[in-house]
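Open the model in your viewer and keep the sequence panel visible. The stops below say what to select and what is there.

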Amino acid sequence: MPVITIANTKGGAGKTTAAVLIATELAQMGLNVTVFDSDPQHWFSQWFETARPRGTISLVNHVTASALEGHMRHMDHAQNYYIIDLAGERNQLTATALAFSDHVLIPVQGAGMDAKGAAKILDILARIKDETGMDIPHSVLLSRVNPMVTTHSLLAIKGLLAQRGVEVMATPVVERAAYREMFDKGVTLHDMDPAKVSNLDKALQNARQLADEVMRHLPVRVISTTPRKRPWFFGRAA
Ligand SMILES: Nc1ncnc2c1ncn2[C@@H]1O[C@H](COP(=O)(O)OP(=O)(O)OP(=O)(O)O)[C@@H](O)[C@H]1O
Ligand SMILES: [Mg+2]
């Protein structure tokens, strides 16, 4: 059961949007997903309470670093994916979540502050590698990408980041009214009326492509025999 953490210390980078899209799509495919809402503002949980997404998404709220560590050590084998939605800050929980991750997704809107928030996550990942030898896979997820941006200029951005050794998800999260509406109305994309929400089909397609890419990076493991890493010393030092 792969653990995917969505992290950027900058608020508003698109973390919770990505968490909602990925969790909803994986659950639509019939997979069991557990989401840890570790944000004291509970954006994911608030959405979840009203949206009541179909499929099996379990929510763990009020997550502390030690509670998360407990969950990670005693993973529920019935779960196919764990998704950790981090708050837009850097604290003990950030380091603990990153250290337990199989993959870290770092949403970046392209704005300067987002990039700084992303750099802080990359710094923590580099420290984890230095101190524990664990090289945790991670990718930048381009978020709120203008739908008019051409494939060509997206490739240029990806090329630039690749030159700096940063992996970039092939699927960006495009700026869509439907994604704002999910939170404004407390619904899933699948419960929206295509006649009322512009480009809902494209929003759905984008969400599905993103979930498919996540699954390619992290195929479902039916039974995990590998004991979870125990990076307690790192979590404490962060
Ligand atoms: N692709 C998108 N299209 C349209 N609106 C978006 C998109 N991504 C994010 N938003 C909007 O931007 C705002 C911030 O997004 P989101 O809550 O996902 O960011 P976050 O990184 O989780 O922020 P925080 O750190 O505060 O938790 C929300 O109002 C959301 O609806
Ligand atoms: Mg959030």
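Where is Ala-78 found? Select this residue in the predicted model: Ala-78 sits in the loop between H3 and S4.

Next, is Ala-78 buried or exposed? A residue counts as exposed if 12 or fewer other C-beta atoms lie within 10 Å of its own. Ala-78 has 10 other C-beta atoms within 10 Å, so it is exposed. Now add Val-33 to the selection and draw a distance between the two C-alpha atoms. Ala-78 and Val-33 are 45 residues apart in sequence, and their C-alpha atoms are 9.3 Å apart in space.

Step back to helix H3, residues 65–73. Which residues of H3 are buried? Colour Leu-68, Glu-69 and Met-72, which are the buried ones. Look down the axis of H3: these buried residues fall within an arc of 100°, so they line one face of the helix.

Go to helix H2, residues 43–51. Its buried residues are Phe-44, Trp-47, Phe-48 and Ala-51. Turn the view to look down the axis of H2; the buried residues fall within an arc of 100° and therefore line one face. Glu-49 and Thr-50, on the other side of H2, are exposed.

What do the buried residues of H2 pack against? Select H1, strand S2 (32–37), strand S3 (56–60), strand S4 (81–85) and H7 to show these partners. Before leaving, click on Arg-52, just after H2, which takes a positive phi of about 45°.

Now select Ile-83. Leaving aside its neighbours within four places in sequence, Ile-83 is in contact with Ile-4, Ile-6, Ala-19, Ile-22, Ala-23, Val-33 and Val-35. Val-33 was also the partner in the distance drawn from Ala-78.

Ile-83 leads into the largest nonpolar core, which has 64 residues. Which of its residues touch the most other members? They are Ile-6, Ala-19, Ile-22, Ala-23, Ile-83, Leu-98 and Ile-106. The largest share of this core, 8 residues, comes from H1.

The last stop is ligand 1. How many residues surround ligand 1? There are 20, and the closest are Gly-11, Lys-15, Thr-16, Thr-17 and Gly-88. Helix H1 (15–28) and helix H7 (177–185) are the elements that give two or more residues to this shell. Colour the shell by residue type: 6 of its residues are nonpolar, 8 are polar and 6 are charged.

Notes
Residues numbered from 1 in each chain as written. Chains lettered and ligands numbered in written order. Predicted model: local features only at pLDDT ≥ 70, side-chain atom pairs only at ≥ 80, totals over all residues. Near = placed C-beta within 6 Å. Helix = DSSP H or I, 4+ residues; strand = E, 2+ residues; numbered from the N terminus. Nonpolar A, V, L, I, M, F, W, Y, C, P; charged D, E, K, R; others polar. Core = buried A, V, L, I, M, F, W, Y, C linked by C-beta atoms within 7 Å. Buried ≥ 20, exposed ≤ 12 C-beta atoms within 10 Å, placed from the backbone. Contact = placed C-beta atoms within 7 Å. Arc of directions from axis to C-beta.
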